[in-house]
Amino acid sequence: KAMLSSDALVIRDGKDVKIPADEIVPGDVVKLSLGDRVPADLRMCEVSNLAALEAALTGEAVPIDKTVDPIETGADPSQTPLGDRHNMCFSATLISSGA
């Protein structure tokens, strides 16, 4: 539980609002920046040189660059490794660059 972020910056009604991370709901747009702990599993809709440290999930020692591009999958998308899901950020990982 200590690894989870306690707060999140979301856009609600066109305004930036800081809320407890456990109040994030589907449809919220979460803003991330350098040094943030990702408060929930998120799909990227806009990024600017964003990279996340996902070593706890993937074992990768280098940050993973994030994009908004669709993931190329085979017949079973659930078989895509976490490290290849470049259009998602995962709860409790850290933002190492960008926004």
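This report walks through the fold, the two sheets and the largest pocket of a predicted model.

## Confidence and overall build

Let's start with how far the prediction can be trusted. Averaged over the chain, pLDDT comes to 90, and 95% of the residues reach at least 70. Among the secondary structure elements, helix 1 (residues 55-58) has the lowest confidence, with a mean of 88. Strand 3 sits at the other end of the range, at 97. As a reading tip, predicted coordinates should not be read in detail where pLDDT is low.

The chain contains one helix and eight strands. If you follow the sequence from its start, these elements come in the pattern β-β-β-β-β-α-β-β-β. As for overall dimensions, the C-alpha atoms fill a box of roughly 40 × 25 × 25 Å along the principal axes. The radius of gyration is 13 Å, which agrees with the value near 13 Å that a compact globule would have with 99 residues.

## The sheet of strands 2, 1 and 3

One open sheet is built from three strands in the order 2-1-3, with antiparallel pairing. Strand 2 (15-20) and strand 3 each have a single partner strand, so each of these edge strands has one side without a neighbour in the sheet. On average, neighbouring strands of this sheet are turned by 45° against each other, direction ignored. In general, strands of a sheet are held in pairs through backbone hydrogen bonds.

Now for the individual pairings. Strand 1 (residues 7-12) pairs with strand 3 over three antiparallel bridges. Here Ile-11 has Val-29 of strand 3 as its bridge partner. Strand 1 also pairs with strand 2 in the antiparallel sense, over six bridges, and Val-10 stands opposite Val-17 of strand 2. Strand 1 and strand 2 form a hairpin with two residues between the strands, where Asp-13 takes a positive phi near 55°.

## The sheet of strands 6, 5 and 8

A second set of strands is worth a look. Strands 6, 5 and 8 form an open sheet in the order 6-5-8, and the pairing is antiparallel. Its edges are strand 6 (64-65) and strand 8 (94-97), each of which pairs on one side only.

Strand 5 (residues 51-53) is joined to strand 8 by three bridges in the antiparallel sense. Within strand 8, Leu-94 is the bridge partner of Leu-53.

## The largest pocket

Which strand gives the most to the lining of the largest pocket? That is strand 3, with three residues. Strand 3 (29-31) and strand 4 (42-43) each supply at least two residues of this lining. Strand 3 thus appears in two roles: it is an edge strand of the 2-1-3 sheet, and it lines the pocket.

The largest pocket holds about 370 Å³ of space. Its lining counts 15 residues, and those nearest the centre are Val-29, Val-30, Lys-31, Cys-45 and Glu-46. Val-29 is also the bridge partner of Ile-11. By residue class, the lining divides into 10 nonpolar, one polar and four charged residues.

How values were computed. Residues are numbered from 1 along each chain as its sequence is written. This is a predicted model: local features need pLDDT of at least 70, side-chain atom pairs count only at pLDDT 80 or more; totals for chains, interfaces and linings use all residues. Side-chain values use heavy atoms; hydrogens and water are left out. On a 1 Å grid over the protein atoms alone, a cavity is a set of points where a 1.4 Å probe fits but cannot get out, and a pocket is an open set with protein on both sides within 12 Å along at least five of seven lines; lining residues have an atom within 4 Å of a point. Grid points are joined across faces, edges and corners, and a volume is the space filled by probe spheres set on the points. Helices (H or I, at least four residues) and strands (E, at least two) are DSSP runs, numbered from the N terminus. Ala, Val, Leu, Ile, Met, Phe, Trp, Tyr, Cys and Pro count as nonpolar, Asp, Glu, Lys and Arg as charged, and the others, Gly among them, as polar. pLDDT is the predictor's confidence in each residue, from 0 to 100. Two strands pair if DSSP finds at least two bridges between them. Axes are lines fitted to C-alpha atoms, for helices over the stretch in contact, and angles run from 0 to 180 degrees between N-to-C directions. The radius of gyration is taken over C-alpha atoms; the globule rule is 2.2 Å times the number of residues to the power 0.38.
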